[in-house]
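Dear colleague,

I am handing over the structure below, followed by notes on what was found in it. Please read the notes with the model open beside them.

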Amino acid sequence: MPTPLTGRSSPPDALDGTEQKPPAEPEKPQLRRTSELLPPDLVFSWLPLLLGIGLWLYALPRIGFRSMGDYGLLDRLPAAFYLSLLVLTCGFLFSLRRAGTAPWWPAAYCVALLFALKAAPAVLYDSVRYPWASKHDAVINQLLINGELRPNAALSGNMSAYDQWPGFFSLNAALVRAFGVDGATAYLNWAPIVFGLLLMPVLILIYRTFTEDWRLVWTAVWIFQAANWVGQDYLAPQGFAFLLHLTVLAVVLRHFVRPGSAGRLRDRTCLDPVAAPVPPPTGVRQRAVCIAILAPLIAAINASHQLTPVMLCASLLALTLTRRYRNIGLLAVAGLLMLIWDLTMGRPLFVETLHTLRDSIGDLLQNSRAGYAGELTGPGPELAGRANVLMVLAVAVLAGIAVFTRRKLTRSALPLLLVSAAPVPMFAVNDYGGEMLFRVYLFGLPGAAFFAAAALVPAVVGTRRAPSRADAVRRRVTGVALPVVLVALIVGFMPSYYGKEKMHYTPPAETAMVTRAIDQAPKGALMLATTGSFPQALHRYDQVEHWFFAEQELPENEKMLRDPARYLADGIPPGAPAFVVLTRTQDIYSAGEGLLPPGGFGRLRSSLSASPLFEVVEEHPYGVVFAYRPGDPRGSRSGGTTP
């Protein structure tokens, strides 16, 4: 019925004469704030990652690698490239705040850093990076062509050792056939990325054995990558054997703890706040099973590389100094496998090395030299040499700080410290062809990176006690030191890795010229060059001989330059066809490594051009090929010739 005053009908259920309130309007959905949809922590985790990747991709086509000058790639990288590294570093630092609950963010930044630091040559270069890496492709090709190993054959260019340790090359020959590619050059430049990705989980296993703090783990991985400038991760037996070496150590550290050996380390109050508990002990039967599992890996190391088995035995010997890992059986198996291989397949080089130990053992100065001459020349190589030294000192100093300031962590991680120090005595043995310095650094770097990270990542998070004033001071110091050190390591990596890049990239036309020259040489011919560090230097190494006449001390090369034509003619066997190949890459390498004095390569080329003993058979802007013509009775007139 109509209601009074309004004349409106009342609702049917308002029978008691009271007016009912109109139904409430549905609430409008409220817009959620952006901070609720995208938490700041999440935004600052992925935004720098995407920005850093975008800047790197933008910089990639603008890298002037074809016009490198005295500083290699350093002054050919656009500002966006360096900015991408800075952005990734900032993003990584922010991701460490959530490393305990979201460890995949630091992992993503570590992977991005690996690509940002080392993927540019793999993407851009149209030739093999590191010219000497082409000899590994030559070994793989010969293995595919001949289908056999010749460990006792006297191959030129010291190539016999590759048939005596063929494991790595046999694996790559199988990969070449499986992929259906022409050769290992199809993927050779990607080796640093592949090895870096494979090393990452192994490093995590090792680091998680000694700490529960994901911040410390990922910082150590980041430092390892930023400090791994030595260039031993290219497609070579060393990179492969190093990966297997760390894999063996990871298994040992996690599964070879002796019962009752941890002692006070089982007491949490005796540990660093972020230290991981000692892994559970294993009995004799379990360790025997682990040895049986590790034996094939150790055998693969022995079949692939000469030095790594020695480093592995040294590391296992160092671990026996602790009660936790006193496993004489594993050390005996590793030593026995090494001895068996050295006395069978590797016997020729092993016997030769034993003879050289008489002169090299104990000569620390000679054994710690770098390269043949040890004197880098030129702005880029000199800067790279100084950066190398500073990088080694920085990592060593940081690791030393952690050893003395975090003694509880050092006590629980003592096995890792001993493994890091185990390669150092190798300096007293020999120089390993001028590379022992780099190999000792490489094998000590995983442990050094862990302790360097421990010096930068505070241990106050996760403790139950109230932080003291010293904790607050340490936290403020590390809060400044961590970003400064990470940026400084990236800055040091760039000249260490790319400062000599001009000698690492070779134009394809130069490679083609060398290949033609060696292909046209008759079987048994002698190929001469200043150094073997140029692409295809050892092409057809099983059919021609090689003489890299400048790979000696600088004083001897200065004598050679007084009369290069006569010097070379006197070293060529009578009646042997001989060819001299001089290339742009040889010029850059011999000057940068200090093999020849300034202008020495030009004097050499001019002298041979003017000599009747040598005839130019091909000349190219990237090099020249001479044929030896000993029949001219006038002799050499090259002495004193200047460019």
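Patches are made of residues with over 30% relative accessible area and no salt bridge, where like charges are joined within 9 Å and nonpolar side chains (Val, Leu, Ile, Met, Phe, Trp, Tyr) within 5 Å; the accessible areas come from the Shrake-Rupley method with a 1.4 Å probe, and for residues only the protein chains shown count as cover. In these terms, Val389, Leu390, Leu393, Val397 and Ile401 make a nonpolar surface patch of about 460 Å². Leu390 has its place in helix H16 (residues 379-405), helices (H or I, at least four residues) and strands (E, at least two) being DSSP runs numbered from the N terminus. Leu390 counts as exposed, at 58% relative accessibility, where exposed means over 50%, buried under 20%, and partly exposed in between (1.4 Å probe, protein chains only).

This is a predicted model, in which local features need pLDDT of at least 70 and side-chain atom pairs count only at pLDDT 80 or more, while totals for chains, interfaces and linings use all residues. Residues are numbered from 1 along each chain as its sequence is written, and side-chain values use heavy atoms, with hydrogens and water left out.

As to pLDDT (the predictor's confidence in each residue, from 0 to 100), the chain has a mean of 86, with 89% of its residues reaching 70 or more. Among the elements of the chain, the highest mean pLDDT (97) belongs to helix H8 (residues 191-208) and the lowest (50) to helix H1 (residues 34-37). Please treat two stretches with care: pLDDT is below 50 over residues 1-18, and it stays under 50 over residues 633-643.

The count of salt bridges (a side-chain nitrogen of Lys or Arg within 4 Å of a carboxyl oxygen of Asp or Glu) comes to 13. One of them joins Arg129 and Glu501, whose closest N and O atoms are 2.7 Å apart; because Arg129 lies in the loop between helix H4 (104-124) and helix H5 (134-146), and Glu501 in the loop between helix H20 (469-498) and helix H21 (508-520), the pair ties together parts that are 372 residues apart in sequence. Both Arg129 and Glu501 are buried.

Another salt bridge is formed by the side chains of Arg516 and Glu618 (2.4 Å, N to O), with Arg516 in helix H21 and Glu618 in strand S4 (residues 614-620), so that parts 102 residues apart in sequence are tied together. Arg516 is partly exposed, with a relative accessible area of 34%.

With best wishes

Methods. Contact = heavy atoms within 4.5 Å.
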